[in-house]
Amino acid sequence: MHNADVVVVGGGNAGYCTAHAAAERGRRVLLLEKAPRALAGGNSYYTLGATRMVHAGLGDLLEILEPDERHARTEVPPYSAAEFLADLDRITEGRDDKELAAAVVEGSRDAVRWLHELGLRFRLMYERQAHENADGTFVFWGGTHVCNVDAGPGLMSDHERVASRLGVEMRYGCPVTGLMTNGGSVVGVRAGDQEFPAESVVIASGGFEANAQWRQRYLGDGWQHAKVRGTPYNTGDLIGAALEIGADRGGDWSTCHSVPWDASYPENESNRMLTNRLSRYGYPLGIIVNAWGRRFLDEGADFRNYTYAKYGKVILEQPGSVAFQIFDANSRSMLNVYEYEMPGIIPVVANSVEELAAAIDVDVDAFARTVRDFNSSIDTSRPLDPTIKDGRSATVEPIKSNWASAIETPPYYAYPVTCGISFTFGGLRGDINGRVLDPSGAPIPGLFACGEALGGLFSGNYPTGAGLTAGMVVGRRTGSLA
């Protein structure tokens with residue numbers, strides 16, 4: 001038996017934010033992590049640390065950023081609360097929980113500053129969110145400008161250091177198997193034959209994306225074959241335990257965050273060395289074809305920040321659940337070094353379109369026709385500008401709305417991609433303080449949820465960086481109440 005005021009189940013970003021906030025109030029906090037120490041950090045470890053937050057431009061951000069000589073030649077547009085809310089509403093097609101969305105947006109700036117004051121380190125995300133002009137100026141775009149120093153591993157290392165300083169007790173390799181109840185209240189957790197009584201229990205153990213059976217049951221047939229990008233420990237156990245004691249489901253259980261993910265690397269699941277570097281987000285600069293040699297989506301519908309999390313699903317639906325990102329010498333030179341120039345990743349390269357098609361085993365005639373029709377339909381009256389939605393379209397079916405550039409300069413490159421699942425959007429129903437609710441809307445005493453275990457914020461799609469932000473904001477609110 002171990003007596004704590006607050007037990008936090010799950011050692012990712014949201015769980016640690018809860019632990020910090022509770023510990024600052026003088027609460028005795030015990031954090032239980034399912035993974036062994038060497039594999040801890042949840043999905044947060046696998047991220048770039050991208051954090052979407054309200055701010056007034058570079059001047060407003062400088063006090064939370066690590067020094068960088070590039071700041072003097074950097075342009076960061078402001079990102080207002082109205083823009084953030086509009087992006088959430090637009091990306092989810094209005095299916096987001098409006099009250100939860102407002103709380104996350106309104107709390108984003110203060111939550112990041114609070115974490116910075118505690119000791120977390122932040123910087124500008126040059127390698128993913130900025131375009132360098134010919135004069136050496138960096139122009140940021142897409143609403144997500146800030147990330148953690150040393151990405152996900154740095155984020156989690158900082159969290160652990162802060163938690164230790166605040167007196168949080170952390171136990172690894174401790175999978176929680178059930179909730180302890182008394183008269184309708186949650187009064188602790190069980191982990192095997194151990195019991196951990198507590199006044200409050202916070203479920204911060206993620207969604208169910210690493211549970212192939214649940215994926216197939218709730219997302220649909222075929223999803224059991226998706227590649228798990230992050231931790232293999234997010235199997236929905238605590239979501240299930242909460243449902244068993246009367247909690248209500250929250251959010252959209254039929255959709256998830258899934259992305260174009262490298263299909264050729266042998267170890268392309270839960271890879272802690274490469275983490276997010278197996279993602280392939282350069283598709284707005286090229287085209288994507290399936291095994292029939294045909295395009296099947298609008299690569300330039302929006303900034304990749306607003307399309308990447310829904311295009312994994314579209315790729316999963318293609319023949320063999322595989323597609324190919326295609327670039328020529330010009331577009332290849334514009335790709336993100338962080339993703340496209342890394343050890344062990346070797347693209348298929350050819351000196352003609354037909355040779356490339358044969359090399360990736362797609363229909364040669366269909367592929368050549370796809371490229372020819374695409375090239376001939378580009379609106380060349382508009383200049384190519386990756387920092388704005390430039391309207392440089394290709395009027396084929398499906399249309400490419402922005403950033404259309406001819407595939408015409410050898411050598412030609414193909415990157416095979418599949419569907420990588422990040423996290424599920426369905427979870428427990430809760431309020432803006434993370435209190436878990438029953439089907440009548442009443443809070444279950446003693447039970448809270450935050451992070452990916454809390455449903456309601458996302459549906460169908462996702463804007464980059466909003467997940468970590470939600471974990472910070474709601475985690476902080478939960479820890480201030482638990």
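Q: In this predicted model, how many of the residues of strand E14 (residues 256-262) are buried?
A: The model is a predicted one, and a residue counts as buried when its relative accessible area is under 20%. Strand E14 is largely enclosed by the rest of the structure, because the number of its residues that are buried is 7 of the 7.

Q: Which strand is joined to E14 by 7 bridges, and which residue there is the bridge partner of Trp-261?
A: Strands of a sheet pair through backbone hydrogen bonds, either parallel or antiparallel. Here E14 and its partner run antiparallel, and the strand joined to E14 by 7 bridges is E18 (residues 412-424). Within E18, the residue that serves as the bridge partner of Trp-261 is Thr-418.

Q: Is Thr-418 buried or exposed?
A: Thr-418 belongs to strand E18, and its relative accessible area comes to 10%. Since the limit for a buried residue is under 20%, Thr-418 counts as buried.

Q: Which residue has its backbone oxygen 2.8 Å from a polar atom of the side chain of Thr-418?
A: Leaving aside neighbours within four places in sequence, the residues in contact with Thr-418 include Val-259, Pro-260, Trp-261 and Asp-262, and also Lys-227, Ile-315 and Ser-321. The backbone oxygen that lies 2.8 Å from a polar atom of the Thr-418 side chain is that of Ser-321.

Q: How far apart in space, C-alpha to C-alpha, are Thr-418 and Ser-258?
A: Along the sequence, Thr-418 and Ser-258 are 160 residues apart. In space, taken from C-alpha to C-alpha, the distance between Thr-418 and Ser-258 is 9.8 Å.

Q: Why does Asn-305 count as buried?
A: Asn-305 is placed in the loop between strand E15 (287-289) and helix H9 (308-316). Not counting residues up to four places away in sequence, Asn-305 touches several residues, among them Arg-52, Gln-129, Trp-141 and Tyr-462. Asn-305 counts as buried because its relative accessibility is 0%.

Q: What kind of aromatic pair do the rings of Tyr-281 and Tyr-308 form?
A: The count of aromatic pairs in the model comes to 22. For the rings of Tyr-281 and Tyr-308, the centres are 4.7 Å apart and the planes stand at 65 degrees, so the pair is edge-to-face. This pair links distant parts of the chain, with Tyr-281 in the loop between E14 and E15 and Tyr-308 in helix H9, 27 residues apart. Both Tyr-281 and Tyr-308 are buried, and the kind of pair asked for is edge-to-face.

Q: Over the ring of which residue does the charged end of Arg-272 sit?
A: In one such arrangement, the charged end of Arg-70 sits over the ring of Tyr-126, 3.8 Å from its centre. For Arg-272, the charged end is 3.7 Å from the centre of the ring over which it sits, and that ring belongs to Tyr-45.

Q: Which strands stand at the edges of the open sheet E3-E6-E5?
A: The open sheet is formed by 3 strands in the order E3-E6-E5, and its pairing is mixed. Each edge strand has a single partner strand, so one side of each is left without a neighbour in the sheet, and these strands are E3 (74-75) and E5 (130-132).

Q: Which residue in E6 does His-131 stand opposite?
A: Strands E5 and E6 (residues 138-140) run antiparallel and are joined by 3 bridges. The residue in E6 that stands opposite His-131 is Val-139.

Definitions and conventions
Residues numbered from 1 in each chain as written. Predicted model: local features only at pLDDT ≥ 70, side-chain atom pairs only at ≥ 80, totals over all residues. Heavy atoms only, no water. Helix = DSSP H or I, 4+ residues; strand = E, 2+ residues; numbered from the N terminus. Buried < 20%, exposed > 50% of the residue type's maximum accessible area, 1.4 Å probe, protein only. Contact = heavy atoms within 4.5 Å. Pairing = 2+ DSSP bridges. Polar contact = N/O pair within 3.5 Å; in protein donor to acceptor, adjacent residues only side chain to side chain. Phe/Tyr/Trp six-rings, centres within 6.5 Å; stacked < 30°, edge-to-face > 60°. Lys NZ or Arg CZ within 6 Å of the ring centre and 35° of its normal.
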